[in-house]
Amino acid sequence: MSQYFLERFSKLTPYVPGEQPNDQPYIKLNTNESPFPPCPEIIRAVEAAADRLQLYPDPEGRELIRALSKRLNLPERRILLTNGSDEALNFAFMAYCDALHPVVFPDITYGFYPVFAELHHIPFSQIPLTSDFRVDPEDYCAAAGTVVLANPNAPTGRALSVEQIERIVQSKPERMVIIDEAYVDFGAKSVVGLVDKYRNLLVVQTFSKSRSLAGARLGFAVGQEALIADLNAIKYATNPYNVNRMTLAAGVAAVENDNWFRNHCTIICENREFLTGKLMMLGFSVIPSEANFVLARHDLLPGEALYLALKRRGILVRHFDAERIRDYIRISVGSRNQLEKLLQAIQVILEES
Ligand SMILES: Cc1ncc(COP(=O)(O)O)c(C=O)c1O
């Protein structure tokens, strides 16, 4: 760091994204991207938008908001578009958390939450998941402070029901609850429908996973008008043109061609069950997942050793050097072909170990 870097950031531990190496072609099962490309309508829409790159994009993203509002059956004023859902989460941490409103989230969850908390100097507490890696909703009904929960949780894949989340939201109407639904399209139930009823609920979703648009960086937040106004205040104080022209066009085409992504979600869910079954046959314990990844461990192979052995064979999975999940690897659910190659490689590694 330079001598000019402010002392208040000196202890910041930045988020470490999953690796994206380009030294050789890898089978990429490490960052929960979709194995499927975006539909042809999206490619055409992006090409058409690129023609007008000399112009700033619509800062409100009205066309996409309109499309999403129809799809989600929500008034347009309840939606905010963001540069990936990470930006929506960052805005929400800025808007709803500080020393007087500390933030609470599970001990095992999306690694960006503690980073946002540190960045904005927000005190945070982490509630341990149960021994079988579940979120116990009662812990969050009792907890003080802003609640942030990924549902399904990452990297476990376990999900809460709508009723369980509603109990948390209802338990203390004076505090905000932020539900991060990055993986909700793979089997869990969304709480977007509860936004009507609760003014302390903000729901965040992304186009990165189920909608095959990780490279476009598009997310959105849904909440009552007052909450969206809060987030807009932060957006217009940081980056009014936060979603670029090509991404807005991609988003509209994605929403208008919903079948494409719904079919892919069905395939991913089938592949997840295939992968889970095969891993169990190979002696793995697999946490039941409602996301597009599984967290799995094998008694004979420490997580890091398995991750490294797979990487040597050109397959990337994710290993977290964190307490409680050090023995596990997280595998993104890819295409059937990718998973078959992964399983073959694991079988060889097991035979050699
Ligand atoms: C739980 C969770 N939330 C949010 C994100 C951010 O996704 P994006 O910024 O690509 O929308 C991720 C990405 O991996 C995630 O795992």
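Colleague: Before we get going, what counts as a salt bridge here, and which side chains meet in one?
Modeller: A salt bridge is a side-chain nitrogen of Lys or Arg within 4 Å of a carboxyl oxygen of Asp or Glu. Bear in mind that this is a predicted model. One pair sits at 2.8 Å, N to O, and so falls under that definition. The side chains in question are Asp107 and Arg324.

Colleague: Okay, which domains does the assignment give, and how far apart do their C-alpha centres lie?
Modeller: The domain assignment splits the protein into domain 1 (16–37 + 259–352) and domain 2 (40–256). Domain 1 is written as two stretches, 16–37 and 259–352. From one C-alpha centre to the other, the two domains are 25 Å apart.

Colleague: How much area is buried between domain 1 and domain 2?
Modeller: Let's start with contacts: 25 residues of domain 1 touch 26 residues of domain 2. The size of an interface is often given as the accessible area lost when the parts come together. Carbon and sulfur atoms give 62% of that area here, and the total buried between the two domains is about 2,100 Å².

Colleague: Which three residues supply 33% of the area that domain 1 buries against domain 2?
Modeller: No other three residues supply more of what domain 1 buries. One of them, Arg324, also has the salt bridge with Asp107, and the rule finds 1 salt bridge across this interface. The trio is Phe261, Glu290 and Arg324.

Colleague: On to pockets. Which element gives the largest share of the lining of the largest pocket?
Modeller: That pocket has a volume of about 1,200 Å³ and 50 lining residues, with Tyr15, Val16, Tyr110, Gly111 and Arg318 nearest its centre. Helix 3 (84–96) and helix 4 (112–119) are the elements giving two or more residues to the lining. The largest share, 5 residues, comes from helix 4.

Colleague: From which domains does that lining draw at least three residues each?
Modeller: By residue type, the lining of the largest pocket divides into 24 nonpolar, 13 polar and 13 charged. As for where they come from, at least three residues are drawn from each of domain 1 and domain 2.

Colleague: And the second largest pocket: which helix gives the most to its lining?
Modeller: The volume there is about 220 Å³. Of its 17 lining residues, His101, Thr146, Glu174, Arg175 and Met176 lie nearest the centre, and the lining as a whole comes to 9 nonpolar, 4 polar and 4 charged. With 3 residues, the biggest giver is helix 3.

Methods:
Residues numbered from 1 in each chain as written. Predicted model: local features only at pLDDT ≥ 70, side-chain atom pairs only at ≥ 80, totals over all residues. Heavy atoms only, no water. 1 Å grid on protein atoms, 1.4 Å probe; cavity = no way out; pocket = protein on both sides within 12 Å on 5 of 7 lines; lining within 4 Å. Points joined across faces, edges and corners; volume = space filled by probe spheres on them. Helix = DSSP H or I, 4+ residues; strand = E, 2+ residues; numbered from the N terminus. Nonpolar A, V, L, I, M, F, W, Y, C, P; charged D, E, K, R; others polar. Domains from an automatic or database assignment. Contact = heavy atoms within 4.5 Å. Buried area = accessible area lost by both parts, 1.4 Å probe.
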